[in-house]
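Work through the exercises below with the sequence and the coordinates open. Try each task before reading its solution.

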Amino acid sequence: MTFPHRHLLGIEQLRPEEITTILDLAEEYVALNRGDKKHSDVLSGLTQINMFFENSTRTQASFELAGKRLGADVMNMAMQASSVKKGETLIDTALTLNAMHPDLLVVRHPHSGAVDLLAQKVNCAVLNAGDGRHEHPTQALLDALTIRRAKGRLHRLSIAICGDIAHSRVARSNIMLLGKMENRIRLIGPPTLMPSGIEEFGVEVFDNMDEGLKDVDVVMMLRLQKERMDGGFIPSEREYYHRYGLDAEKLSHAKPDAIVMHPGPMNRGVEIDSDIADDINRSVIQEQVEMGVAVRMAAMDLLARNLKGTV
Amino acid sequence: MTLPNRTLFTNARLIDPEAAAETLGSLLIENGMIVAVYDDAATTDNSATIIDCAGKYLAPGIVDIGVKVCEPGERHKESFRTAGQAAAAGGVTTMVTRPDTDPTIDNPETLEFVIRRAREAAPVHVHPMAALTKAREGREMTEIGFLQDAGAVAFTDCDSVIVDTKVFSRALSYARSLGALVIAHPQEPILSKGAAVTSGKFASLRGLPAVTAMAERMGLDRDIALVEMTGARYHADQITTARALPALERAKANGLDITAGTSIHHLTLNALDVADYRTFFKIKPPLREEEDRLAIAQAVASGLIDIISSMHTPQDEESKRLPFEEAASGAVALETFLPAAMRLVHAGIIDLPTLWRAMSFNPASRLGLPSGRLSVGAPADLVLFDPNAPFVMDRTTLKSKSRNTPFDGQRMQGKVIATYVSGNKVYGT
């Protein structure tokens, strides 16, 4: 098993076999997490700092739990309330933290590329927990694990990603990961929410849900940010729901056993119908949350092995 | 007997942009002026100091429109002394400076301060530009007449686009009555707001806020209409996209008093150079696609684009060591201008006389300056250089106070051997 990376900054840097390595290890942690003793000591003695420059409850909790279950000393830093407000630059913050000798740094930042920049300045392993519209690698990995478990494979599937592609780091990381694993990717959304040059990504683009969802194995919905709902990018919430919200009728165009995913938090009645979200036969949204902890445990485990030189 | 102010350059490859010629010959200067040009490489003159150029190239010094010297306001980034030394080392004998300082150069008093500082500290000629509107806010025009009297050679709000078309049209009309040249930044301001890169696959992959290349054409279209309406003398500071070229060509064919420039970075780099968020490649307007770069280079070669500028913009480390979106725009370029331009020559896109037209003769003519020529009566502003000398760019060797060059670590060709301003050697051994 090789994972020759110091950081986990994005899916872009990973090779297909490395993605499989992470997912295989994550399977072991799924088993651990479902057992009675949800504890391991592979990160024992290591310090994990979660630096979130942008609000997040779910991702931060998932990383915190993952670290604690592996025995790390975990510290959360609420960066909005810190010296960043007092004008300290990202680099200075990084250097300050670096002096405290953390081993794992989990970073979320509102600007694309900020986590890469920070990783250049510290000695520890850095995990990207989402940077701007760029990447969110652990989300793509947990989605991949969820798909692999539900479908029995992670290749030659037809997968639709629907909604606000333009502003979504989840979409970018998923397009990259699912593409590397040789799946067929369809992007569905209004043209105002499609990034420019998208045709060159090796994907099919649709602005109509019925056509786009035809015979797909996986339907991945994206969250529509509140600030984009009124007039600027789409005419209104209700028109968006009518044209792009996932309901039973639209889902009927997908394969009968197609699964429905959502990175959360969901806007019920905007991008997804409640009945679909809660349908235990179709929705794997709760499983995605579970896989999130396991995938993050696997990623931190692998990076820590590199720190200790034991891979 | 050798006269002190009389120098003869022999055995030189003379680049005459005006005549579009490159010849082996000699050049005699006296009291800061060119007094004779010979097509004999081995001319002798007992009363002159002889400089044997050993077959290297002698050309008019570069006239660089759009240099940012950070005085007043940000002298820690660049001063007239450091910018002047950088210019001399880069073969730039005339810096035409930008008014986007802090405070803006928008009144005669500030302009006089700048002229005084330039005279005290810079070893090359400095001609300042002044803002077209107060504080470059696009609301009220500046005292164009007073500023012109005080020495402003052109009027520009730099990269700040005047959104209010009525204000811009009045400023253009007023400038026309004084024969003043207005330099504008053709860009649709709303579309380009907040953009860090040009939209396309790369921008989307990196998740960076982007502007469509079309915004430049829209801006140019508007400006051309205003020039047609007002009859003003107009120069577009940077044309960087292929789509803007047909509009420019039509405007020129229609006889409007329009010229256009581009930057050396847009001629030698493209959007992909940003790679993993390298902020030294963040410039304004952002780097374009390779097809655009090639189209612009061809337009310079054909003369459709008249002027190449360095758009020298010093930024300190603190302004650049930030996430890409937050990082400041701009790159220093006075010292890399010539070797970067040599890439176009070595790629066979342009010949040296045509290149020098865009870097020296045209900018000087557009501003009514006597330099940029290699003929009798022109000032002895000269650069002696070797277009082939290879080196690896090391930014720590730059004379600029700020060292934000995108060429750091790159292989380049073309070295300045010596620079002369009004006959005085300001750079070289």
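The exercises cover sheets, hairpins, the interface and salt bridges.

The model is predicted, so local features need pLDDT of at least 70 and side-chain atom pairs count only at pLDDT 80 or more, while totals for chains, interfaces and linings use all residues. Residues are numbered from 1 along each chain as its sequence is written, chains are lettered from A and ligands numbered from 1 in the order in which they are written, and side-chain values use heavy atoms, without hydrogens and water.

**Exercise 1. Give the strand order of the five-stranded open sheet in chain A and find its edge strands.**

Step 1. Take strands as DSSP runs of E with at least two residues and helices as runs of H or I with at least four, numbered from the N terminus. Two strands pair if DSSP finds at least two bridges between them.

Step 2. The order in chain A is β7-β6-β5-β8-β9, with parallel pairing.

Step 3. β7 (204-206) and β9 (259-261) of chain A each pair on one side only, which makes them the edges. From one strand to the next the twist averages 20 degrees; axes are lines fitted to C-alpha atoms, for helices over the stretch in contact, and angles run from 0 to 180 degrees between N-to-C directions.

Step 4. Look at one edge: β7(A) is joined to β6 (residues 184-188) of chain A by three bridges. L187(A) has V205(A) as its bridge partner there.

**Exercise 2. Describe the three-stranded open sheet of chain B and the helix across it.**

Step 1. The strands follow the order β6-β7-β8 (chain B) and pair in parallel. The edges are β6 (62-67) and β8 (125-128) of chain B.

Step 2. Four bridges link β7 (residues 92-97) of chain B with β8(B), and T94(B) is matched with H125(B).

Step 3. Helix α1 (residues 80-90) of chain B lies across β6, β7 and β8 of chain B, at about 140 degrees to β7(B).

**Exercise 3. Which residues take a positive phi in the hairpins of β1(B) with β2(B) and of β2(B) with β3(B)?**

Step 1. β1 (residues 6-16) and β2 (residues 21-30) of chain B run antiparallel over nine bridges; one of the pairs is T7(B) with I29(B). Four residues lie between these strands, and A20(B) in the turn has a positive phi of about 50 degrees.

Step 2. β2(B) also runs antiparallel to β3 (residues 33-38) of chain B, over five bridges, with S26(B) partnered by Y38(B). This hairpin has two residues between the strands, and N31(B) takes a positive phi near 50 degrees.

**Exercise 4. How many residues does each chain bring to the contact, and how much area is buried?**

Step 1. Counting contact as heavy atoms within 4.5 Å, chain A gives 23 residues and chain B gives 16.

Step 2. Buried area is the accessible area (1.4 Å probe) that two parts lose on being put together, summed over both. Here it is about 1600 Å², 58% of it on carbon and sulfur atoms. On the chain B side, K201(B), S204(B) and Y277(B) lose the most area, together 31% of what that side buries.

**Exercise 5. Find the salt bridge between the chains, then one within chain A.**

Step 1. Require a side-chain nitrogen of Lys or Arg within 4 Å of a carboxyl oxygen of Asp or Glu.

Step 2. Between chain B and chain A the count is one: E12(A) with R206(B), at 3.1 Å, N to O.

Step 3. Within chain A, E27(A) meets R149(A) at 2.7 Å. E27(A) is in helix α1 (residues 16-34) and R149(A) in helix α5 (residues 137-151) of chain A, 122 residues apart.
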